[in-house]
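I opened the model today to look at its sheets, its cores and one helix pair. These are my notes.

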Amino acid sequence: MSRLVFEIGFEEMPARFLSSLVHEGKEIMKAKLTEIGLGFGTVHADATPRRLAIRVEDLDAVQEEREELVTGPPAAVAFKDGEPTKAAIGFAKGQGMSVEDLTTVTTDKGEYLALTKRTGGVPAMELLPPVLEACITGLTFPKKMHWGSGEFTFGRPLRWLLALLEENVVPLSIAGLESGRKTWGHRVHGPGPFELKGAFDYEKLIHEKCRVTLSASMRRELIMEHGEAAALAVGGQVVWNHSLLEEVGGLAEMPVPIVGDFDPSFLELPKEVLLTSMESHQKSFGVQNSDGELLPHFLATLNLNPTNEELVKKGWERVLKARLEDARFFWKTDLAAAQSDWLDKLEHVVFLGPLGSMGDKSRRIEALCGWLAEHLEPSQENDARRAGRICKTDLVSEMVGEFAELQGVMGAIYADKQGENAIVSTAVGEQYLPAGPDSPLPEATCGAILSMADKADTLMGCFGLGRIPTGANDPFALRRGVLGICRILVDRDWRVDLRDFLTQALDGYGDIQWKLPREEALDKALEFFREREKNWFASQDFPTLMVEAVLQAGYTDVPGARARLAALKEFSSEPGFENAVLTFKRAANIIRKQAESMELSGKFDPDKLEEEAEKNLAMTLGRMSPKFDVMWEKEDYQGLMALMLEIRPAVDAFFDNVMVMCEDEALKRNRLELLQALVSRLGRIADFNALQM
């Protein structure tokens, strides 16, 4: 067993590229080794700003040997008068063998020429060059570049290639570079080049001579460990932003955290502004006390051990001070502005093409918030309307103009400063939640109403214009918005009919000239919701067919659909589940087929029931119906599932003893109406046709 080390050296790669390089590099290596039949153990991959290092443990030194039986032409045409024909000679030549190597085998179709061909047995050193080349050319980037006069493209210019199988260099030539046994280290503390004797020495050399921390997780741990110690020395603790920590860990090969200071007078700025200034512009973290109040310090991460730490610290402080001065200017300018002035400015900010201004949008949101509050929380209708009206005013503020990521956050702060009550200002701050599938939901009722109204307004405007997401293209984040509405509805168990809600949102646009007919836009938006619900429920470990069955029975009440789905999944573990489903599927299939030629209402004539089994089914339905209605009203879906088991014997007996599709048309129709009475009720729970048993 051998060890392979392949290191691709490049100019500083953006931190956001590194995780995908690690994943792709590892997967390409595994796939290519498997493809050529080289056995291997573990594959490791790590990336720093200047290198991607892939290591393969327990690699076979020689390709696995295989025997393969290759059949050729029929024996009858391969030889004539004991002499080989062109068919036999051509077959042998095509396989790189001689006629003497051929044998005959008996198959179902007769005797055929054949030969046993041995493959494999090639040394790994001969097979690896194209594998390593694929590990470079197969990597993907959002954008590639080429350099010099060459045509080769990559995320950043390549600078060296280290490729060792044990002590031997694996030959590779690409982008004007030849592979070797040299690597380069940290630009300041271990520049190199350093020559590697063998593959097993790689990690030791990288750590001790190159002074590089290869593992991304270890770099993050170093930043956190030394960062907390540095913050503790000034009486605080670091405000960790984990996405920023990931990024900072990808910017340094040897991370060295230091604490810098800023003028305490800047603490007059909101905490969110200070943290955004540090994190967005300086890639630094805030420092706070045990009460969560910011201290006049920040944590930066260097990529070296400075000879004059104080000088470096002052450089960071000087740059941050300029950023904070700008933020303080924006803050004071915004505080001097009036809410009415900002509302006027919104009239000149375009929302989306023909859909008017942000002022128009805020008025639509105001009305939609009022409609939602009237149905969900009437006591907060006035506050919801006010929150909707002012929710976009911070878009014209100086602060959000500089820090776009603070929209909503600054709106809440400014609303509070301008005298709005706590319900309104909190709602404004929560309007963009949830921001993703795992992000927090609005905590306040008014915030949840505002979030739903804003998302629905954007959704219906885009659908009316025919701007419907396709594939990965979703520039207005409509998928995220719809999922956010679904999450809020389920979390709060709000029973808002989606058709009514979206109709109200569409009505808010008035006489807009739509690209799609109004009803078509509404239907497409509802189908869009249905698909999002399906994907979301399936991601929660509900079987896909079960999700489909529930949603086909109704999806416009999202929490209700979720509750029916949970009950159906629980019911699926009952001993009689599969047989019950098969029984009700049979009934549903009969009704579905007949619906093409006749309209059924579910009203049958008891006087036309002849067989004992159909009379018994009618009697059972009569007993069940009041129970069903009460349970449905109470949303006792578990009870409804138990009711299905209770009625199933009567349905089975009906199918065993009654000819539904008899020649007597009146009798046939009455029996179909009896089944329709059953199916119409059970079909409100789920479409059992969609289940497979």
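In what sense do β15 and β17 pair, and over how many bridges? I looked it up in this predicted model. β15 and β17 (residues 285-288) pair in the antiparallel sense, over three bridges. I picked out one partner: Val 239 bridges to Gly 286 in β17.

Next I traced the whole sheet. It is open, has four strands and runs in the order β15-β17-β18-β16, with antiparallel pairing. Which strands stand at the edges? They are β15 (237-239) and β16 (256-261). Each has a single partner strand, so one side of each lacks a neighbour in the sheet. I also checked the turn between neighbouring strands: on average it is 40 degrees, direction ignored. Helix α9 (residues 309-335) packs on this sheet and touches β16 and β18 (294-302). The direction of α9 makes about 60 degrees with that of β16.

Second sheet. I found an open one of five strands, ordered β2-β3-β1-β9-β10, again with antiparallel pairing. Its edge strands are β2 (43-48) and β10 (168-169), and each pairs on one side only. I followed β2 to β3 (residues 51-59): the two pair in the antiparallel sense over six bridges. Asp 46 has Ala 53 in β3 as its bridge partner.

Which helices touch this sheet? Helix α1 (residues 15-36) lies across β1 (2-10), β2 and β3, at about 150 degrees to β2. Helix α4 (residues 124-137) packs on the sheet too, touching β1, β3, β9 (158-165) and β10. I noted about 35 degrees between the directions of α4 and β1.

Then the cores. The largest nonpolar core has 140 residues, and Leu 459, Phe 501 and Leu 502 touch the most other members. Helix α16 (residues 445-464) gives the largest share, 11 residues. I listed contacts of Phe 501 beyond four places in sequence; among them are Trp 371, Met 452, Ile 485 and Val 496. A second, separate core holds 41 residues, including Phe 10, Ile 36, Leu 158 and Leu 165.

Last, a helix pair. How do the axes of α18 and α19 cross? The axes of α18 (residues 498-507) and α19 (residues 518-539) come within 10 Å and cross at roughly 135 degrees. That angle makes α18 oblique to α19. The crossing is right-handed. I checked the contacts: the α18 side includes Leu 498, Leu 502 and Leu 506, and the α19 side includes Leu 522, Leu 526 and Phe 529. Charged names turn up as well, including Arg 499 and Asp 507 in α18 and Arg 518 and Glu 533 in α19.

Definitions and conventions
Residues are numbered from 1 along each chain as its sequence is written. This is a predicted model: local features need pLDDT of at least 70, side-chain atom pairs count only at pLDDT 80 or more; totals for chains, interfaces and linings use all residues. Side-chain values use heavy atoms; hydrogens and water are left out. Two strands pair if DSSP finds at least two bridges between them. Axes are lines fitted to C-alpha atoms, for helices over the stretch in contact, and angles run from 0 to 180 degrees between N-to-C directions. Contact means heavy atoms within 4.5 Å. A nonpolar core is a set of buried Ala, Val, Leu, Ile, Met, Phe, Trp, Tyr and Cys residues joined through side-chain atoms within 4.5 Å. Buried means under 20% relative accessible area, exposed over 50%, partly exposed in between (1.4 Å probe, protein chains only). Angles under 35 degrees count as roughly parallel, over 145 as roughly antiparallel, 65 to 115 as roughly perpendicular and the rest as oblique. A crossing is left-handed if the near helix is turned anticlockwise from the far one by less than a right angle, and right-handed if clockwise.
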